[in-house]
Amino acid sequence: MHPLPSHESLVAELRELRRRGLPGLRHCTRDALRQAAVAAGLCAGPEDEQTGIEELLGAAVRRLAGGRPVRDDDSSDPLARAAAHSFGIFPARRGVPGTDRRKAAAAVYGVTTERFRKSQEHDVLAELAAAVLAVARQSSGRPVDVVREPAADSAVRAVPAVARPARPARPGAGITVRVCPIEDVRDVDILVSSENTYLEMSKTFRPTVSGALRRAAALRDAQGEIVDDVLSRELGVWLRTHGRTGMPVRPGTVVATSSGALAAQGVRRVHHAAIATPVGDGDRYHVSPAVLGEAVRRSFELARHESEFLSLPMSSICFPLLGSGRGGLPVETVARRLLDAVREELRRDPSWSVLLVTPEESHARLLTAASSAP
C-alpha cells in the first residue's frame, strides 16, 4: 500500500493549482498530488504524472457529486460544481484565467467573488483534498471479500466480548449483537453516530458515541496531533451548503460523511443521525422514541443511495443504542424500537447485514431479549 500525503499538504498544492488552472500543473508544486495519484494507481512515473493527477482530480470532483458526472446545473452538488469551475475541470473552463474561474465558482453559490474567496473557496479546497484522499485510499486499500450466501432470517445472534479481532459482518447475515465500543468495529461499511439536531458532534474527550467516532476518524500527524477533524469538518460543510449553520434540522435527519482515519479499519462511511433535541440551556436532550425508527429508515435509504451512486459495494451497517445516553430513553425502549425498525428494513432488503454494538454486556443481553419480544 502506497503512503498518502497529508490533507494540509494537498490543500496547499490545490490552492496554488486553483490559481494556475490545470494547464499550469507542470509549473506547480505537486508532490502531494503525485503521491495521491500513485496511491490511486493513476500514474507510475513522470511520463504519465500530469494525466494521472488530472484523472485523480476528476474522480475526486465526481465523488463530491455523489459519484455521478458533474453538470453545471442544479442537478449537481454545488460543492462539486464550484470545484469543477475553480480548477477548470469543466472543458469550457480549462484555459480560462483564474479570476474568471473564481467568478464562475462564486456564481454557483450566488455570492460575490470576494465573499467566495474568503469563505466558500476554503471549503471547496478542503473538501476536494479530502475527496482526493478518499479516492486514493479506496484504490490502494485491500479489496472487500464479498461472499454471497442465502439470506438468513432476522434472528439476533449475541457475540460476546473476546480478545480477538472483530470479524466482518456477512451480506445477508441478518442482525448480530456485539459487545464492544463502536470505534473498535472493523470491516463494516457504515457506522451510525448519534448527533443532536444541530449536527454538532460531541467533543473528542467526551465518552459518547459521537465523541468516540470523531476522535477515531480524525487524521493526525506523526506526533499524534489532530490535523484534520474530518467528521466535524464535513458536517460543517453540509450545514453551510444547505444553509443550516446554527439552525436545527428535523429530528431523524441522517447526513453522511467520509470515514476519515476509520477507513484503515475497513469503514467506508459514517452516518450522522440527528435524534437528540437540546432542552433548556442545552445541558440535556430529548429523544422521541418514534425518531429512532425514522433515523434507521433514513440511514438505510441513504446507504442504498450511496451504494448505487458512489459505486461502493456496501452491504453492512452498524448501529449503537441510539438515544440511550443523555437522551434519557430506557435501554429496553431503545432496543425494542431499534430492532423493530431494523427488521422492517431487512424485510424490504435482506441483502444487508446489521451489527448492533454496545460496550455493556447487560445492554447486549437486553438487545438479545428484545429480539423475542412481540
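**The whole chain**

Start with the full cartoon, where you can count 12 helices and 10 strands; helices (H or I, at least four residues) and strands (E, at least two) are DSSP runs, numbered from the N terminus. This is a predicted model, in which local features need pLDDT of at least 70 and side-chain atom pairs count only at pLDDT 80 or more, while totals for chains, interfaces and linings use all residues. Residues are numbered from 1 along each chain as its sequence is written, and side-chain values use heavy atoms, with hydrogens and water left out.

Of the 374 residues, 49% count as buried; buried means under 20% relative accessible area, exposed over 50%, and partly exposed in between (1.4 Å probe, protein chains only). Among contacts (heavy atoms within 4.5 Å) between residues at least 6 apart in sequence, 62% join residues at least 24 apart.

**Stop 1: helix α4**

Select residues 78–87, which make up helix α4. Nine of its 10 residues are buried, among them Arg81, His85 and Phe87. Now add aspartate 77, which caps the N-terminal end of the helix: one of its side-chain oxygens lies 2.8 Å from the backbone nitrogen of leucine 79. Just after α4, look for glycine 88, with a positive phi of about 75°.

**Stop 2: the nonpolar cores**

Next, show Leu14, Leu17, Leu57, Leu128, Val185, Leu191 and Cys318 as sticks. These residues have the most contacts inside the largest nonpolar core, which has 67 residues. Such a core is a set of buried Ala, Val, Leu, Ile, Met, Phe, Trp, Tyr and Cys residues joined through side-chain atoms within 4.5 Å. Helix α7 (residues 120–140) gives the largest share of this core, nine residues. A second, separate core of 39 residues includes Val192, Leu322, Val334 and Leu356.

Centre the view on leucine 191. Not counting residues up to four places away in sequence, leucine 191 touches several residues, including Ile182, Val185, Leu213, Arg269, His271 and Cys318.

**Stop 3: strand β7**

Two of those neighbours lead to the next selection. Arginine 269 lies in strand β7 (residues 269–279), and histidine 271 is in β7 as well. Is arginine 269 buried or exposed? Arginine 269 has a relative accessible area of 10%, so it counts as buried.

Measure from its side chain to that of glutamate 306, and you should find a polar contact of 2.6 Å. A polar contact is a pair of N or O atoms within 3.5 Å; within protein, one must be able to donate a hydrogen and the other to accept it, and residues adjacent in sequence count only if both atoms are side-chain atoms. Leaving aside neighbours within four places in sequence, the contacts of arginine 269 also include Arg63, Asp189, Thr257 and Met314.

Histidine 271 is buried too, with a relative accessible area of 0%. Among the residues histidine 271 touches, beyond four places in sequence, are Ser193, Val254, Ser299 and Glu306.

**Stop 4: strands β2 and β10**

Select residues 174–179 for strand β2, where six of six residues are buried. Strand β2 pairs with β10 in the parallel sense over six bridges; two strands pair if DSSP finds at least two bridges between them. To see one bridge, pick valine 179, whose partner in β10 is threonine 358.

**Stop 5: the aromatic cluster**

Now select Phe300, Phe319 and Trp352, which form one aromatic cluster. A search of the whole structure finds three aromatic pairs. Rings of Phe, Tyr and Trp (its six-membered ring) pair if their centres lie within 6.5 Å; planes under 30 degrees apart count as stacked, over 60 as edge-to-face and the rest as tilted. The rings of phenylalanine 300 and tryptophan 352 have centres 6.1 Å apart and planes at 80°, so they are edge-to-face. Phenylalanine 300 belongs to helix α10 (residues 289–309), while tryptophan 352 sits 52 residues away, in the loop between α11 (331–348) and β10 (353–358). Both residues are buried.

**Last stop: the cysteines**

How many disulfides are there? The count comes to zero, with a disulfide taken as a pair of cysteine sulfur atoms within 2.5 Å. Select cysteine 180: its sulfur is 7.1 Å from the closest cysteine sulfur, in cysteine 318, which is too far for a bond. Cysteine 180 counts as buried at 14% relative accessibility, and cysteine 28 is buried at 5%.
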